[in-house]
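User: I would like to go through this structure with you and ask, term by term, what each description rests on. Please set the values against the definitions as we go.

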Amino acid sequence: MLEVQRIFKTYEGKPLLNDISFSVAEGETLCLLGASGSGKSTLLRIIAGLEEPESGFISFSGRDLTATPAHLRDFGLVFQDYALFPHLNVNENVAFGLKMRRLPQGEIAERVANSLKLVGLSGFEKRRVTELSGGEQQRVALARALATRPRLLMFDEPLGALDRALREDLLNELRMILHRTNIPAIYVTHDQEEAFAIADRVLILHEGQIVRAGTPAEVWSSPGSAFVAGFLGLGNIITGRYIGESEVETRFGVLTVDCKHKHQEGENIHLLARPLLAEKATNVVQGVVTDVVFQQDQFKVTLDNGLYVYLREVANVGEKIEVRVKVECLT
Amino acid sequence: MENIKKLRVFVSPWLVRIGLWLIPLSFLLVAFFYPLSRIFALTLDPRTLTSENLLLASEVLLFTFYQAALSTLLTLLLGLPSAYLFARYDFRGKSLLRALTAVPFMLPTVVVAAGFSALLGPRGLIHSLFPFSSFPFIGTLWAILIAHVFYNTTIIIRVVGNALSSLDPKLEAAARSLGADSLRVWRNVILPILRPSILASSLLVFLFDFTSFGVILLLGGSRFGTLEVEIYLRVLRLPNLPLAALLSVIQLICTLVISLIYTRIVTRATVQTAPRSAESNIRKPKTLREKIFTTAFAFLLSSFFLLPLSSLPLRSFFRLEADRGQRGEVLYGFTTDYYRELFINRRGSVFYVPPIRATANSLGYAGATVMLSLLLGFPAALALAKPTRLERILDPLIMLPLGSSAVMLGLGFIISFGAWLTSPLLVPFAHTLVALPFVIRTLQPAIASIPERLRQAAASLGASPLEVWKNIDLPILRRATLAAATFAFTISLGEFGATLLISRPEYPTIPVAIERFLSQPGGLNYGQAMAMATLLMLLTLASILLIEKFRIPGSGEF
């Protein structure tokens, strides 16, 4: 459906988006994940037509949209700060896009009612938007975007201003609404939990480039680079020197790694040691416990050499222990 | 649809900016900076800078400082306890009383002068009710001082009161727990924290007293030569334009210096106290002492502010003395004659036209001022809503007319456009100069408050740029525009200093007509002054209510 091809954009002389290409399929929810400054919001605004790329193309269903102004693209956009019109009430806000399309009164009323019902705000029609809570405002913003039945929905950190519990609830609702309406969506966030919870496919942006793309499960199981593993917080990232025979010399001693790539002897490579223990793993790391934190049903134990692992049983600070870790190759 | 998509107009943003600035700046250049340069040129002439002129100027300057300082002290005397009253206690009618104290600040000087005259003047209510309790008021320094207090107490109440109510009550509790008694809590904790706001508000009051004109001329008379009054006298009564120019340059320099100090104090004062909920400090008076204080002070405040304001309309409906040339039986008591007289063109009266024509003139001028100041203010406010670094420099430039006195603006017009003085067109230009800073300050925050995101959201919902302007910008701006227009309207209606200098005798405005009626003998003239001042007061009060209704909360503060 949506095709983004070879987008370039610089900001104050530095490349902000550097050759970005991807596509969104029908009914698919794509998540752009990246730290602040990674260019993800700019990319969204370029797709929306609010900013122009320096080069590259945006097309939808095979039609080039590069020269189409924002208001003719028919893409819905939901902002982090909601951008509700303060001089209009809930009903008028949701009806805004329909009025712009000059739909008949009856249809506008029907669609507004449907949209508000979809986001669970029936009965709020006459309320002033400035009187609503943050969560309610976000629902109005969503209803407003849904009412026009856009060809594509875009979300720019839509839940960033809300507290954690509310964020989880809204995220679940949003996922169900997206599945029900089958509208393709692009969701921008810096929060990986949010991204993994809502996305069919994740693109990780770093310094203006897509560094990893795939389903949440694929990205999780093989991050592919030290940056992605670190950004997603998958575990201990260890640098070491390949000394041949699947062995790598690191500050934790020589570790054995099962690697698909062929490495040169003496090559510097990155390894990932996930904190969950693997009983059958061959690598043994020793260390003195310096910190113990209880988390959910296990203990996060940090050793004096910097390695952290999750243990089922409590360890004491100062105790010398041995842990078995599975090591993956990141390079 | 296809055509619309391809239509893309590119205009250089710099060209737009220059276009926005072109109109307001060229207006200021012609109507303000050119006259200003003429005044400076006249001042720097060696024939102006004689020792005689300089001596006179220094005497006038000294007296101006003296009366302003005295007025400020008296204002603090009433203002500080009032600020405390409003910031700490909750009592019945509080918000009404608070609004009442703010009313004089917006009233034209002629109305305030007429009000005090109606209450305390030789033809006023008190003198007529108790003929033997004769005491001089009009024409004394006290009249000036009390009118100044009447005008400016609200500034102290607002500035110091805000600081006081945003003061964390825990600070007081902490000081007490450390062993300080009430007096020491005040001396060592509260007053030091309030000092910047007391200083700032005092300076602002001082500035207003320093540049005050109408009150001094009408209540004090020409004996009290402040800079403003002296400039007026040297233009109209004892013509000496070079001396008038010298005095206005001195006046401008003083005003600028005071404003600069004020700005510095304000920037420091705002760092001091963090805004917090003002509710927690406010409570009902509990002890007997508190009850006596709140009741007595609320009573004092309400009578101080209510008496002059209510005397004016009251006096306009009662005949208390014979009219000029009126002989035989004089009917004292209730009358509507003063209002009816306004519509009659009498021979030998002050004017050649029915006095009510002054109202028509004023409304016409006010209408023209509204149009002109919106026309000039809108582009400037648009540019200042998102200023570039260069434009930040232009901002104080546009506000400069605010710092120069109205009489000086009039003088500048006379020196520069003397040939056109017969035209009634000069008046709305002078009024626009006074109103423009207020118009810009009302529009600019409203324009700036529209986030770009709203426009983008509208665009993503299918609104074309024109529809965005129509559906987003315009409705949000409508209220601010109405407020700005009402501001300009009110300012023009009440403007006295500049108008007195440049208006034609056959085109008087309401304030000018009131001044002329007041300076004439006879009960009828006085009564008509009262009637006109009452009309002006009602018009102004209606405008204030409108502004409050339209104004976006928190914007347009100075």
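Analyst: Let us begin with a turn in chain A: in the hairpin of β9(A) and β10(A), which has two residues between the strands, Glu207(A) takes a positive phi near 50°. The model is a predicted one, in which local features need pLDDT of at least 70, side-chain atom pairs count only at pLDDT 80 or more, and totals for chains, interfaces and linings use all residues. Residues are numbered from 1 along each chain as its sequence is written, while chains are lettered from A and ligands numbered from 1 in the order in which they are written.

User: What makes β9 and β10 of chain A a pair of strands?

Analyst: Strands here are DSSP runs of E of at least two residues, and helices are runs of H or I of at least four, numbered from the N terminus; two strands pair if DSSP finds at least two bridges between them. Five bridges join β9 (201-206) to β10 (209-214) in chain A, and the two run antiparallel, so the criterion of at least two bridges is met. Within this pairing, Leu205(A) has Ile210(A) of β10(A) as its bridge partner.

User: How do you know that β4(A) and β5(A) are paired?

Analyst: Two bridges join β4 (residues 55-60) of chain A to β5(A), again antiparallel, and Ser59(A) stands opposite Asp64(A) in β5(A). These strands belong to an open sheet of four strands in chain A, with the order β2-β1-β4-β5 and antiparallel pairing.

User: Why are some strands of that sheet called edge strands?

Analyst: The name goes to β2 (14-24) and β5 (63-64) of chain A, each of which pairs on one side only. Helix α1 (residues 40-48) of chain A packs on the sheet and touches β1 (2-11), β2 and β4 of chain A, its direction making about 125° with that of β1(A); contact means that C-beta atoms, placed from the backbone, lie within 7 Å.

User: Why is α11(B) called roughly parallel to α17(B)?

Analyst: The axes, which are lines fitted to C-alpha atoms (for helices over the stretch in contact, with angles from 0 to 180 degrees between N-to-C directions), come within 9 Å for α11 (residues 227-237) and α17 (residues 406-416) of chain B and cross at roughly 25°. Angles under 35 degrees count as roughly parallel, over 145 as roughly antiparallel, 65 to 115 as roughly perpendicular and the rest as oblique, and therefore α11(B) is roughly parallel to α17(B). The contact is made by Glu228(B), Ile231(B), Tyr232(B) and Val235(B) of α11(B) with Val407(B), Met408(B), Leu411(B) and Ile414(B) of α17(B).

User: Which parts of chain B count as its domains, and how many residues of each are in contact?

Analyst: The bounds come from an automatic or database domain assignment, which gives domain 1 (10-45 + 336-558) and domain 2 (54-314) of chain B. Their centres, taken over C-alpha atoms, are separated by 25 Å, and 34 residues of domain 1 of chain B are in contact with 33 residues of domain 2 of chain B. On the domain 1 side of chain B, α23(B) gives the most, with nine residues.

User: How many residues make the contact between the chains, and which elements of chain A supply them?

Analyst: In all, 22 residues of chain A are in contact with 18 residues of chain B, and β6 (75-78) and α2 (90-100) of chain A each supply at least two residues of the chain A side.

Key
Two residues are in contact if their C-beta atoms, placed from the backbone, lie within 7 Å.
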